[in-house]
Every structure is written in C-alpha cells, then in structure tokens.
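I set out to record how the strands of this predicted model pair with one another. My entries follow the display.

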Amino acid sequence: MSEAIPHDPVLQQFPEVEWEEEFGTLIVPTTKATEVAIWLRDDHAFRLDYCSNVTGIDYLNREFKEKVKNEEGKTETIIHKDPARMEVVYHLYSMEKRTGPLVMKQRTTREKPEAQSLTPVWRSCELQEREIYDLFGINFTGHPDQRRILMWDEFEGHPMRKDYVEPFDYEWEPTPHDEILEKHQKGKVIF
Amino acid sequence: MDEGLKSELQKAGIFTTTLNDLYNWGRGNSLWPLQFGLACCAIEMIATSMSRYDLARFGAEVFRPSPRQADLMIVSGTVTKKMAPQVVRLFKQMPSPKYVIAMGACAISGGPFKQGYNVLKGIDRYIPVDVHLPGGPPRPEAVLQSLNYLQEKIRTQDIKSDPAFIEGRRQYPVPEFTGTDLEPPYNPDVWQPPANPNAPAEEEATA
C-alpha cells in the first residue's frame with residue numbers, strides 16, 4: 001500500500017477539484033464533496049472503498065517562511081500568511097486494489113464552518129465526523145446523527161479550535177511550576 | 001475483654017472474641033469490588049485479580065457487575081467530567097458500609113490532566129475515598145497493599161458508632177452538567193478546597 005495513487009484522473013473528471021502540492025492532497029469544494037467521494041469509491045480505476053481516517057484542521061494565522069535570493073545575491077526570508085480556514089481531511093484506501101492512501105480535503109471558512117458529510121458514502125466516517133463537529137464545530141450537512149460525542153451535550157465551545165479559551169479553574173497548589181505558575185500569577189485562583 | 005485473660009483462655013483451648021471483631025474479620029476478608037474500569041489503571045487492576053498476583057488470596061476476587069452487590073469501589077483511571085456523575089451514581093447505589101480506593105494519580109487529583117478542561121480534579125471531590133493509591137498506573141503489588149490498608153482500616157471500625165454504618169448521615173449529590181463544568185464543583189461534605197497560606201487578604205475575601 002505504499003505506491004502513490006495518481007490523482008490526475010480526478011482532476012480531469014472534476015475541473016473544480018484542485019491539487020495541493022505542499023501536502024499532496026486533493027482540495028474538493030464542499031458543494032461537490034459527495035459527488036467526488038461516490039465517484040472515487042465506485043470508479044474502477046480507484047475503488048477507494050475504505051475511509052480509514054477523518055480529521056479536522058484549524059488554520060488560524062498560519063505562517064510559513066520561504067528563503068529567496070534577491071537581486072544582490074543575499075538570501076531573504078519571506079513570511080507568507082495563510083488565510084484563516086478550517087479543513088476536513090479524509091484518508092482513503094482501497095481494500096480491493098490494496099492501494100492508498102489518497103488524501104482528500106474539504107476546505108471551509110472559520111466563520112461559518114460547513115462541510116458535506118461523507119457518512120452516506122463511507123459509514124466509517126460517522127463517529128469521526130461527530131468528533132470533528134464536537135471539537136472543531138464544523139457542521140456536516142447530511143450527517144445522520146450529528147451531536148457531541150466526547151464532551152457532554154451542554155458543553156459550550158469547541159475545544160480543539162485554536163482560539164478556544166478554556167475556563168479559568170486553576171486552583172492553589174503548594175508547588176506550582178512552569179505553565180501553572182504563569183497562570184497562577186496572571187489571574188486569581190478560584191479557591 | 002482483658003487481653004491477658006483472652007490469651008490464657010486461648011492456651012486452654014478456648015477462643016474468645018467480640019461480635020465487633022468477628023464481624024469486621026469476616027467482611028474485611030471478603031470485600032467484593034465493583035467491576036468497572038476507566039483507563040489504563042483498570043488493566044493493572046485486572047492483572048491483580050489474575051493468577052500471578054492473585055487478589056483472591058485476600059478475599060477480594062469476586063468482582064461484581066452490579067453495584068447492589070459490591071462494597072468496594074476501585075476507581076481505576078482518569079475520571080472525566082462526563083463520567084463523574086455516573087461514578088457518583090454507582091457509588092450511591094452501593095449498599096452501606098462501602099469503601100473507595102482511588103487508584104492512580106488521575107483518580108486522586110486529575111494527574112497529568114489536572115489543568116485540562118475535561119478531567120475531574122480528583123474523585124474525592126464527590127465521594128469519600130478511604131485509600132489514595134498513587135502511581136501512574138500503580139503496580140499490582142501496590143493494589144494489593146492498598147487492599148491491605150483498607151482491611152486494616154475495617155478491622156479498627158466500631159460497628160455501633162462508625163459513620164460508615166449509619167445511613168443517611170451524608171448526602172452525595174450527583175453533579176449536573178453545565179456549559180463549562182459540573183455543578184456543584186465539589187461536595188463540601190466530603191472535600192474542602194485547600195487553603196492558600198500565601199493568599200493576600202483581598203483574595204481571601206473574594207474566595
């Protein structure tokens with residue numbers, strides 16, 4: 001299962017789909033996700049019948065540096081800023097052809113995070129999409145049973161988001177250190 | 001009863017005891033733990049009950065699947081805030097007298113997850129813990145020793161006056177979920193927050 005799956009046929013079939021060279025993933029628009037997924041599953045060249053992993057990513061103020069040589073021959077570092085966004089990543093394998101993985105991403109905004117649920121295509125997505133909904137707050141349209149899975153139903157917020165502020169409940173400790181010491185000095189201890 | 005007279009009678013082949021001692025001897029050597037595990041500590045608890053470490057030597061091998069038949073709760077593992085109400089409810093369903101061993105750093109204080117948003121900072125906030133067993137997770141030998149400590153404690157109890165025998169003295173409310181935490185955050189009958197000796201006066205007033 002180590003050979004990379006050629007992605008060109010997907011790009012030919014669906015012109016909306018992009019290829020992200022940096023991570024080696026397909027970027028599928030959220031409106032087309034189900035259609036692409038069904039095609040990948042049923043197409044005889046791919047037969048990606050198994051979705052092994054679904055995960056979410058929150059990009060908030062992501063920066064990456066690039067070293068470029070300027071006209072005088074000196075190296076400069078250019079800092080690129082990525083727009084803030086959220087992504088849902090699917091790792092697809094083919095049990096029939098013993099190939100994989102092919103990585104597929106749905107990209108969505110941080111303000112109104114919505115993606116198409118691929119649970120109707122691969123049943124193994126169900127619990128993992130629920131987990132992404134729970135921890136990242138991404139809404140999956142078409143999910144048969146979307147509710148929190150790890151946190152309790154009354155819980156407020158989505159803890160895996162980069163801008164999540166956890167409740168301040170630091171208690172007095174006789175020997176605080178490192179991060180806990182900082183938090184103790186910063187604010188009032190609740191007890 | 002006079003200890004000298006007791007040993008004299010024993011030499012003559014007469015065994016004397018008190019109802020208190022007999023009762024405590026009996027129940028101390030047949031503790032029935034509640035069969036449930038929460039995290040990796042449960043694996044060590046299971047290993048303790050198996051043949052190599054053999055919990056049965058101390059009479060505590062009968063793991064009960066129902067809280068109605070159990071008198072020892074081994075809280076083995078991380079208690080998440082989502083699980084805490086269920087643990088308290090199971091404890092409430094156990095018949096008195098009942099005992100609790102908090103096994104491992106996570107069950108005692110939250111352990112490495114103490115500063116997280118989803119882990120209870122120690123099960124002793126809601127239910128009375130008899131033996132705190134530190135470790136991450138503790139070795140099976142430590143589990144056996146904690147059981148021995150508990151048996152020692154049971155042997156010294158007085159069945160007429162000990163609060164463990166008197167029903168209805170303490171209330172153990174099942175905590176409810178709120179947006180960020182559990183309500184109440186602790187049971188003041190069984191646990192009080194540690195006092196901060198270095199706190200400025202104004203902080204003490206607001207705390």
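Entry 1, chain A. I looked up the pairing of strand S4 (residues 63-69) and found that S4(A) joins strand S5 (residues 75-81) of chain A in the antiparallel sense, over 7 bridges. I then checked one bridge in this pair: A:Phe64 has A:His80 in S5(A) as its partner.

Entry 2, the hairpin. I counted 5 residues between the strands S4(A) and S5(A). In this hairpin I noted A:Gly73, which takes a positive phi near 90°.

Entry 3, exposure. Is S4(A) largely in the open or buried? I took a residue as buried if 20 or more other C-beta atoms lie within 10 Å of its own. Of the 7 residues of S4(A), the number buried is 0, so this strand lies largely in the open.

Entry 4, chain B. I turned to an open sheet of 3 strands, in which the pairing is parallel and the order is S1-S2-S3. I identified S1 (72-76) and S3 (131-133) of chain B as the edge strands, since each of them pairs on one side only. I recorded that neighbouring strands of this sheet are turned by 15° against each other on average, direction ignored.

Entry 5, one pair within the sheet. I found 5 bridges between S1(B) and strand S2 (residues 99-103) of chain B, in the parallel sense. Among the bridge partners I noted B:Ile101 of S2(B), which faces B:Ile74 as its partner.

Entry 6, the helix. Which strands does helix H6 (residues 140-155) of chain B lie across? I found H6(B) across S2 and S3 of chain B, and I recorded that the helix runs at about 165° to S3(B).

Terms used
Residues numbered from 1 in each chain as written. Chains lettered and ligands numbered in written order. Predicted model: local features only at pLDDT ≥ 70, side-chain atom pairs only at ≥ 80, totals over all residues. Pairing = 2+ DSSP bridges. Axes fitted to C-alpha atoms, helices over the stretch in contact; angles between N-to-C directions. Contact = placed C-beta atoms within 7 Å. Buried ≥ 20, exposed ≤ 12 C-beta atoms within 10 Å, placed from the backbone.
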